[in-house]
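Colleague: Before I use this model, I should like to understand the grounds for the terms applied to it. Please take me through them.

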Amino acid sequence: MVESIVSTGVAIGCIYALIGITYNVMFSASRVFSFTAGTLGMLGGVLGSLFIARLGLPVAIGFLLALAGGVLLGILTEIVAVRPVLKSLDQHLYVLSTLALALMVQQFTAIEWGTEARPFPRLFDIARGGFDQQFWLPMLACAGVIVGLELLYRHTLIGRAFLAIAEDTYAARALGLPERSLRMVSYALAGAIGALAGFAGGEMLLAFFGNGPLLTFYGFVPVALGGMGNNRGAVVAGLLLGLFQQTANFLVGGIFASVAVFTVFIIVLLARPEGLAGAALQRRV
Amino acid sequence: MSLTRRQALKSAGAVAVASGVAKPAIAAKDPIPVGYLPALTGPSSSTGVGINRGIQLAVKEINDAGGIDGRQLELITRDTQSDPTKAVNGAAELTRGQKVSVVFGPVNSGESLAVVPLLARTNTPQIHPCWVDSLTDPQKYPMCFRNAPTNQQIGGAANRYVMDVLKRKKVAVISDTTGYGTASVNAYAPMLKAKGADVVYQGNVDAANPDLKPELLRMQSAGAEAIMPWSVNAGFLSRIINTRGDMGWDVPIVGQTTLGSGQTKALLEKPEYWAKVYPNNFRPVCYAPGGKLTDRTSAFLDRLKSAKIDMGDTLLWWIALGYDSPRLIAEAMKSVGTEPEAVVGYLNKLKGFPGVYGDITFTTDKHDGYPDDEIVMVEANSLKDGAFNLAPGYSA
């Protein structure tokens, strides 16, 4: 039982953490919570299955094309659902615009791909059993993204520019940073991370259009718990969420597992509205 | 040449008499409009596509044989696109615009739930094959008939197989959290208990939950001797089958028809995991022990093959159901004409209509025409030409 809780819990937690990072990367560049994050995860699984299982492309090419699909949706999100509402951020219109785009993509996927879950291909030809690739692939993807983002943000000029935009958009623009281009690149990067989450978790979650809302909701929990824009917090909270959810599956089971997750979520937010790792917002008076 | 008033009146009278005589003669040869509301596109179209193949074949055969007293059946199709709203629009247009004599469909319960009350108000006879129990009611919808089983019948057949054929008393009943899933578990678990079963596990699980091992371990530790899943979600069903296989647990899985679908098969980790999985099906379109179909079904298969109708990507019972429906309508109209009340009067007394899918019987008080004893369980891993082998324990 413990082995199953840890392997499945950490793997699913890594997928939630990656979706949480997707939210954060988009949020840092625009102060917008884009609800296309879960849709990107869903699309990563569907496109991976489409390119590799259905069209028979090599795994590496299928992987790159799935990420490219995520990048495209990320850019589309920025152009269609975020840019037009940036001027009125305080009205939170982005909730509607990003949710609408997510629903459109989900319905389009349902019509073109079908409403049934379809198999996601085995990426490596290794016999099943024990600590299977369906568990370690999401962990590997999560570790890769954490290291990659750290290197990007700490050791590259464009990474520092991202941080500058995230810190203070107006000051960054005043310094001559191309805010719009950086935002676009951020959304493309978030698209790739979201698609990677769905691709790496494809063997667990299958290529299913209904994974979009699931990842949108469960991926948001690490963001809220870990602190908005805080990637390290999202990873820790994502892993805790996965482990807690899987423990609840074993201990209470059925729909009560979901109830347990959201009960804890609400209690934590009541106790620490800024999230476990977030800093309390200073309000200007 | 001048025309006197008397001559003009005579001519007009002659034309009027001639047209008055000729009109009924033309009307008698007019095609009979039959409304048809399949889901040919959209997310729930696989059933409709299969049924449509049978419908088109039957209408062609009826018309090639001279139609109904010389009148051709004209199928007026409105694709519901798997959408209840479009089904309602299609039904309104068929009854008000096209003035159809009778409607077949919709073929999905979600669409029928919206259409049945509407057609009941337009005085149009309706036949549909949807399973949701409330979709027939001779009091509320006196012109609506079902030539397929109800959900109660489907669950009852699975329960009988588990308890009477497999002789298992400790049963786990599981579903997803959809309306269909929860309603099925809530209906079937009490039916099992009433038959004397011990329902050791009863649960609804989110279909997107990637790991069902906790649920199956719970069933196993409760001593379940059979698992009965009620869901149309192939992903959910395949996870139950895969988890059972990974656990090495030799317990039969008995339930919804989707257990035997190609989508479920595609999601299995190993082909051998499909053994001991028994979905619902219908005896007339199943292979009896020895691999034989009934004579009626064999003849039907020959007709399908000669008409070059593809069976590889669909199920035989869908095509058979589609094939039987226009024949049932034609039979009624041949006997009593096309007036709605006459058609309904005929259907109310229908006894043992010999369909390929099943023998249909209606009475004034019972508009659910499919017989209980023709609902059976089959071996999921035996699919060939759209049909399955009967599950072990059934006689030929």
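Modeller: The exchange below takes up one residue, then its chain, then the contact between chains. This is a predicted model, in which local features need pLDDT of at least 70, side-chain atom pairs count only at pLDDT 80 or more, and totals for chains, interfaces and linings use all residues. Residues are numbered from 1 along each chain as its sequence is written, while chains are lettered from A and ligands numbered from 1 in the order in which they are written.

Colleague: Why is B:Pro371 called partly exposed?

Modeller: A residue is buried if 20 or more other C-beta atoms, placed from the backbone, lie within 10 Å of its own, exposed if 12 or fewer, and partly exposed in between. B:Pro371 has 17 C-beta neighbours inside 10 Å and therefore counts as partly exposed. By these cut-offs, 48% of the 396 residues of chain B are buried.

Colleague: Where does B:Pro371 lie, and between which strands?

Modeller: B:Pro371 belongs to the loop between strand 12 (359-360) and strand 13 (375-377) of chain B; strands are DSSP runs of E, at least two residues, and helices runs of H or I, at least four, numbered from the N terminus.

Colleague: What does B:Pro371 contact beyond its neighbours within four places in sequence?

Modeller: B:Gly358 and B:Asp359 are its partners there, contact requiring C-beta atoms, placed from the backbone, within 7 Å.

Colleague: How many residues of each chain are in contact across the two chains?

Modeller: Chain A brings 26 residues into contact with 20 of chain B.
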